[in-house]
Amino acid sequence: MGEDIEAYVQALLHGATAWKGVDLAAVARTIALASPRSFLDARVAAEQLRGGGPGLLADPDWLAGLHRGTAGLLDEDLERAAEDGLPVPESLALLRACAFSPGRGIPRGSVWSAVASALLRRPLDDAEEKIRLLLGGRLAGYLTRDTEDDYRVYRPAHDRLSAVLRGRRPETAAGRGGGTAVTHEGEGASEDGPAEYADEREDAYEVHARIAAALAGLVGPYAHIPPEPYVRRYLAQHARWGRVLDDEHVPAELLPWVTGSPIRALLPSAGGNGPRHWLQAWASVEPYLHQADFASRLASLYLAYAGLADQRVSRPRTPAGEERPGASPMAVLWSRWHPPSNVLASLDISVRSLAVLTLPDNRTVLAAGDDDGHIELIDAVAGTAIGERIAAHEGSVRSLTVAARPGRTDLLVSGSTDGTVRFWDPARGTAVDRLNQPGDIWIDDVASYVDTEGEAVVVCVDGNGSVVSWMERFGREERIALPGETPRTAKLALAAWEDESGRGLVAVADGTRLSFRETESFRTVENFDLSSAVRVLTRAGARGRIAAGHVDGTVTVWGTAGRLTTLTGATGPVGSLVAVPVGGRHLLAAGSGKDIALWDTETDRPAAFLTGHTAAVTALEPVLLGDTTTLVSAATDGTLRLWNASDLTRALAGAGTAPGSRGGVLAHGAAGRSAGVALGSDGPGIDIVEATTGTTTARIDTGAPASALAWAPEGFDGATLLWADSEHGVRFWDAADGRVLPHRLDGHIDRIRSLAPVTTRDGRNLLLTGSDDYTVKLWDLDGRRLLHTGRGHGLRVRCVAAASDGDRDWYASASSDGTVRLWGTGTGRMVGAPLKCDQGRVHAVALNVRPAPGLVPHLASAGDDGSVRLWELATRRPLGEALTGHTAVVHAVALWTVEGHGNFMASASGDGTIRVWNAGSGTCVLQLATGSPVRSLSARVTAAPSASVVLSFAGDAGAAAVELDLAMTRQGTKQGTN
């Protein structure tokens with residue numbers, strides 16, 4: 001290397017006027033001997049020689065600095081810069097600011113000044129002028145320029161220089177010496193002496209804490225003002241490195257603008273003791289807001305905070321008397337909404353399989369296979385997608401495993417219903433190999449192990465019972481054809497494991513038959529007949545044990561000698577099963593319905609449960625995050641969730657892991673009434689709460705959960721609540737005297753799902769009901785009698801709506817048969833042909849019969865596919881294209897008109913969001929992340945001339961009411977987050 005450095009120095013000095021006639025080879029040899037392994041030091045020394053001339057070689061101070069390496073040479077340039085008017089402490093602070101900056105570098109302006117001031121421990125006066133002097137002088141050579149967020153940024157020209165400036169000893173930076181390295185992760189100062197440029201009173205934690213405090217000071221007091229891009233991207237990271245990731249150092253006003261590492265990924269390892277209420281609130285909704293605009297992010301933050309704090313939260317701070325278009329368009333009136341905090345990611349795919357792998361850059365990654373044949377790689381810490389989704393198969397990806405290749409990059413292996421097993425390089429997302437051909441019978445399961453030669457082996461079984469193995473050197477090998485009918489009617493399962501002696505085995509489950517086979521010869525070791533078919537196999541944690549999940553909800557644990565134990569308590573068939581080691585305990589977790597059953601295999605206790613998913617759990621996988629094992633779960637609710645060791649331990653101890661449902665159905669009283677909002681839960685009662693505060697004013701004991709709620713029309717006698725009871729009737733409650741009335745409407749023979757009251761054009765008070773008995777019924781509330789029964793739907797009626805425009809009465813019903821039907825008042829017969837909505841099961845319907853100019857009377861439908869459609873009532877034709885954006889079923893819609901502002905709609909989905917739309921343009925004007933499915937929704941327009949509407953909603957996480965300023969919403973959505 002010395003010869004290379006000599007040549008490098010000669011090239012740098014060649015042609016300089018002051019060095020003509022000088023033996024450059026001798027000069028270069030002197031530099032190379034002083035800097036035998038550092039091109040950086042050689043370059044700096046050569047540049048100083050070009051400017052200072054041959055006389056420097058006779059300067060003992062300069063030669064001493066040369067032998068001190070980078071630090072000594074930098075000292076020389078710092079002193080010379082001071083002669084040019086840039087004092088050493090200030091120039092050094094500006095350089096160190098670049099070294100402590102992550103990413104591509106630090107931008108000019110307020111950020112550089114603030115960070116340098118934090119390092120100086122005092123304000124940097126005339127900062128911009130001093131930055132200009134630095135960049136125009138000899139110290140500019142220590143920096144390199146780059147671009148980030150469309151800004152020019154600066155960083156040290158070499159990693160070694162960065163280490164020196166951050167306060168790390170040069171020999172440690174070069175890989176020598178015994179000190180502890182100080183990096184951006186910041187674990188203290190070097191053990192072998194004081195750092196070259198670090199203040200002896202500080203360590204890296206303190207530096208980053210001061211930087212975080214300085215950057216927090218750049219965040220304005222008003223949330224609508226975007227902070228500097230550097231602050232948005234890196235403030236939270238500095239706070240984490242400084243062990244001060246809390247609400248003081250990361251202000252709430254910053255959170256809707258954050259563009260760097262997700263807050264939820266930083267919190268677990270942040271340290272510190274400051275309050276984190278706002279940070280935790282943001283972490284709970286962050287997975288739902290990757291593409292949302294600023295107004296949506298800010299509104300979602302305030303809703304989440306209200307739920308966590310369980311208090312009313314006002315609008316964000318704005319100057320008195322000023323309208324701020326970027327300020328929150330939403331105020332939380334009251335909240336009983338408590339969404340889960342363990343959601344890693346909210347996906348627009350239906351995950352069927354999971355695997356955990358490590359990329360070459362040491363990131364832990366989840367591979368998620370979906371029903372559409374794709375595989376998505378997701379950062380297991382940040383919850384963000386890595387690269388493009390892999391188009392892996394033409395059928396559902398039902399199996400994923402990792403083929404370990406010692407000393408090489410592991411392979412991701414996928415098995416699909418398209419009949420193929422494919423092998424992937426996860427770092428590149430490219431195919432490596434495959435088994436079988438498209439069109440063959442489906443693959444039921446895939447397993448992998450490392451053989452005695454240290455080579456990866458993959459085994460798969462298809463729907464005919466054929467077992468095939470694959471090795472990288474030899475390719476495909478037919479192993480066995482399991483006897484039995486073809487194709488199978490029961491699922492087959494595989495798992496590789498070892499017996500207590502270390503012998504490699506493959507367990508094969510074929511319906512009610514379980515066999516253990518040697519991995520090398522595939523010779524049968526043991527066969528067992530079972531009483532219940534097996535759906536999944538996994539290692540049971542302890543060596544020599546294998547676990548089987550059965551269709552009857554049991555889990556059995558086996559050794560080669562036979563069954564060791566039977567675990568009970570799961571609520572349904574076991575579809576996924578994994579072992580999870582926690583604190584020396586061997587746990588088994590099983591997906592059973594929407595819950596996760598959990599057992600300690602060393603005890604005979606029945607299952608404990610992890611609750612929180614709102615739909616069927618489809619896949620489970622343990623993942624090592626830091627030094628602890630965490631359980632990852634996927635479900636058809638579109639979420640990936642993390643369950644840490646504390647969650648698992650609490651569940652086994654009998655403590656809940658998620659609150660139960662507190663608000664499944666909701667009805668908002670008419671404007672001007674004091675009755676308020678009625679909330680029905682999964683318990684035997686209905687709460688009546690004050691509409692603007694959420695204070696409970698009454699409770700109705702219903703004996704069983706109410707399946708639908710509605711307030712009687714304003715023209716009815718007094719404020720009266722109607723509810724559907726467990727015996728398929730409609731009951732009455734008088735709000736004036738707080739008693740259940742003796743009246744009852746009977747006629748349905750199955751569950752009533754929806755109630756729609758209306759005052760007709762001739763002044764009658766009627767009620768439309770929809771039921772699982774496939775019918776709708778129209779009732780006279782004044783006479784408490786049935787008027788008509790509407791038949792025609794081929795499946796259950798999920799929602800009904802009724803309205804009157806003064807000239808005509810409208811009645812609509814939505815059904816699982818995929819249609820919306822309109823009904824006549826006088827006959828109870830269907831009016832016109834049904835609307836074929838092409839939305840799967842139609843879950844919701846709403847009417848707006850008195851729209852503002854620009855839109856005709858219309859209805860909205862929503863269903864399984866996540867879309868919302870608007871239809872013209874008169875012609876039954878669609879109004880424009882379907883409105884898309886939701887990634888799961890839409891459970892509820894509401895339509896309303898605000899005079900002077902237009903026509904609007906809200907849609908509530910199982911994807912954990914509410915979307916507010918301009919019905920005229922089809923534009924989504926606000927996306928409110930609720931973090932949990934919303935199943936009921938009501939809209940009430942406030943008194944004119946306000947442009948506000950109160951949205952009340954209920955679902956799996958409770959209930960809440962928010963007030964939206966639609967004028968601010970329309971303006972706020974013009975601002976983005978980038």
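## Exercises on a predicted model

Strand 30 (residues 617–625) and strand 31 run antiparallel, joined by 8 bridges. Keep in mind that this is a predicted model.

**Exercise 1.** Work out which residues pair up along strand 31, and what happens in the turns on either side.

*Solution.* Start with the strand 30 side: alanine 619 has alanine 634 of strand 31 as its bridge partner. These two strands make a hairpin with 2 residues between them, and glycine 626 takes a positive phi near 70° there. Now go to strand 32 (residues 639–643), which runs antiparallel to strand 31 and is joined to it by 4 bridges. Here leucine 631 stands opposite tryptophan 643. This second hairpin has 3 residues between its strands, and glycine 638 in the turn has a positive phi of about 85°.

**Exercise 2.** Decide how enclosed strand 31 (residues 628–635) is.

*Solution.* Count the buried residues: you get 7 of 8, so the strand is largely enclosed by the rest of the structure.

**Exercise 3.** Sort cysteine 460 and cysteine 924 into buried or partly exposed.

*Solution.* Buried means under 20% relative accessible area. Cysteine 460 comes in at 2%, so it's buried. Cysteine 924 has 24%, so it's partly exposed. While you're looking at cysteines: a search of the whole structure turns up 0 disulfides.

**Exercise 4.** Find the residues that touch the most other members of the largest nonpolar core.

*Solution.* Among the core's 103 residues, the answer is Trp112 and Trp896. Helix 15 (residues 294–309) gives the core its largest share, 10 residues. Next, zoom in on tryptophan 896: its contacts include Asn848, Phe904, Val941 and Leu966.

Conventions. Residues are numbered from 1 along each chain as its sequence is written. This is a predicted model: local features need pLDDT of at least 70, side-chain atom pairs count only at pLDDT 80 or more; totals for chains, interfaces and linings use all residues. Side-chain values use heavy atoms; hydrogens and water are left out. A disulfide is a pair of cysteine sulfur atoms within 2.5 Å. Buried means under 20% relative accessible area, exposed over 50%, partly exposed in between (1.4 Å probe, protein chains only). A nonpolar core is a set of buried Ala, Val, Leu, Ile, Met, Phe, Trp, Tyr and Cys residues joined through side-chain atoms within 4.5 Å. Contact means heavy atoms within 4.5 Å. Two strands pair if DSSP finds at least two bridges between them. Lists of a residue's contacts leave out its neighbours within four places in sequence.
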